Amino acid sequence: MIAPVYSASPERYESMDYRRCGRSGIQLPLLSLGLWHNFGSHKPFEEVKAMACRAFDSGICHFDLANNYGPEYGTAEENFGHLMSSVFKPYRDELFISSKAGWDMWPGPYGNWGSRKYLMASLDQSLKRMNIDYVDIFYSHRYDPATPVEETMQALVDIVRQGKALYVGLSRYPKEQAAKAYKYLAEHDVPCLLYQDRYNIIDRRPQDQGLIDLSYGEGVGFISFSPLQQGLLTGRYLNGIPSDSRMARNTSLKPEVLTPELLDALRRLNDMALRRGQSLAQMSLSWLLSDPRVTSVIIGASSVAQIDDDLKALDNRYFSEEEIFEIDSLFAGKDFGV
Ligand code: NDP
């Protein structure tokens, strides 16, 4: 039997809200979808397609990728390329697609960090894998202390001039280097569009270190990755470690982080979410979105049902002072070693 051709839902923009990204012409959906873990070669393509299509049908038009997502490096981009040449082909202009380079991708001195040589070659490879002519945003995936920041930034500027990216972004830069990079990019007429960092109820480093304020002041959008702390801020681990979970795979999320102290705090947070009529995942996303400086949050998901659950976070984004106090008393200023 021939699979029916995908046709995006006509209502796809009706239930999603969009937020302006810093001082730019771009608006992003409050929830974006990241392809770090569940979209690579280990996942049946039909499941990848079902999750990507459900996201797009729900107004999630921003897909976040990087050269090394899979987890087999490159395979999330390859699967996204299959999506582009099949289901998403008619919708390229409705999609905001990112890629990044900065972590180890291929052997030798030119497949890692922040040199011009690496960034240029990596983006060319990403475009081929994704079957697209340009990305909407290309990131320097991490700060490289050994390469002059000017070299990395000039590579980003030239990538835009070559038409291979429309905008550029930074991920995980220390504050001082981010400020320097923003200045360089603005002076070369390629203002930084987005700063990406891990930010969630447990890990507040970008807030505590002033990175969110810096970006806001410079007119750069802020996008949070791992908003659910890889699944800790969901109901997933409240009663053990499910065999199909990320923690069970013991790669980027180790079972040792699930200490009795953290579990206790998560259970209290879960009680609070239930009182608000939300799942823990929904409340954790709502908490991030209640801050107008956060342009979007990039969720990861391993099923369509999780995407549906996460989307309901949009329905209740108000927190009382008492609720904020309760969340802060459990997590603010505490180091759970995540
Ligand atoms: P999350 O913190 O959103 O964690 C996603 C995981 O949480 C899912 O895989 C799933 O776990 C679980 N989950 C999600 N929704 C629910 C739900 N409703 N109920 C129960 N469990 C749920 O994000 P990620 O860590 O996946 O990161 C998101 C994206 O951020 C990445 O895909 C990537 O695009 C970006 N990123 C960027 C980085 C950077 O350096 N710039 C670094 C890391 C991520 P399970 O799989 O166990 O079901």
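## A tour from the tail to the ligand shell

Begin by selecting Ala 332, which lies in the segment after α12 (321-331). In this predicted model, Ala 332 counts as partly exposed, because 13 other C-beta atoms lie within 10 Å, and a residue needs 20 or more such neighbours to be called buried. If you now add Trp 113 to the selection and draw a distance between the two C-alpha atoms, you will find Ala 332 and Trp 113 separated by 32 Å, with their positions 219 residues apart along the chain.

Next, display the whole protein chain as a cartoon, where the secondary structure amounts to 12 helices and 10 strands. The radius of gyration is 19 Å, close to the 20 Å that the globule rule gives for 338 residues, so the protein chain is as compact as a globular protein of that length. Turned along its principal axes, the C-alpha trace spans about 55 × 50 × 40 Å. Of the 338 residues, 44% count as buried, and among the contacts between residues at least 6 apart in sequence, 76% join residues that are at least 24 apart.

From there, move to the interior by selecting Ile 137, Phe 138, Val 168, Ala 181 and Cys 192, the residues with the most contacts inside the largest nonpolar core, which has 92 residues. Helix α10 (residues 280-289) contributes the largest share of this core, with 7 residues. In soluble globular proteins, nonpolar side chains tend to be buried together. Centre the view on Val 168 and, leaving aside its neighbours within four places in sequence, look for its contacts with Ile 137, Phe 138, Leu 156, Val 160, Leu 185, Val 190, Cys 192 and Leu 193.

Now select Phe 222, whose place is in strand β9 (residues 221-225). Is Phe 222 buried or exposed? Phe 222 counts as buried, because it has 25 C-beta neighbours inside 10 Å. Not counting residues up to four places away in sequence, Phe 222 touches Tyr 195, Ile 212, Ser 215, Tyr 216, Arg 293, Val 294 and Thr 295. For a sense of scale, add Tyr 134, which is 88 residues from Phe 222 in sequence and 22 Å from it in space, C-alpha to C-alpha.

Strand β3 (residues 31-34) is the next stop, and here it helps to show side chains as well as backbone. Both faces of β3 are covered, with Leu 31 and Leu 33 buried on one side and Ser 32 and Gly 34 buried on the other. In a regular strand the side chains alternate between the two faces of the sheet. Which strands pair with β3? β3 and β10 run parallel and are joined by 3 bridges, and Ser 32 stands opposite Ile 298 in β10. Strand β4 (residues 62-64) also pairs with β3 in the parallel sense, over 2 bridges, and within β4 the bridge partner of Leu 33 is Phe 63.

Finish at the ligand, selecting the 31 residues that surround it, of which the closest are Gly 34, Trp 36, Phe 225, Gly 231 and Gly 300. Two of these names link back to earlier stops, since Gly 34 belongs to strand β3 and Phe 225 falls within the span of β9. Coloured by residue class, the shell around the ligand divides into 9 nonpolar, 16 polar and 6 charged residues. β10 (294-299) and α11 (304-311) each supply at least two residues of this shell, and α11 gives the most, with 3 residues.

Note on methods: Residues numbered from 1 in each chain as written. Predicted model: local features only at pLDDT ≥ 70, side-chain atom pairs only at ≥ 80, totals over all residues. Near = placed C-beta within 6 Å. Helix = DSSP H or I, 4+ residues; strand = E, 2+ residues; numbered from the N terminus. Nonpolar A, V, L, I, M, F, W, Y, C, P; charged D, E, K, R; others polar. Core = buried A, V, L, I, M, F, W, Y, C linked by C-beta atoms within 7 Å. Buried ≥ 20, exposed ≤ 12 C-beta atoms within 10 Å, placed from the backbone. Contact = placed C-beta atoms within 7 Å. Rg over C-alpha atoms; globule rule 2.2 N^0.38 Å. Pairing = 2+ DSSP bridges.
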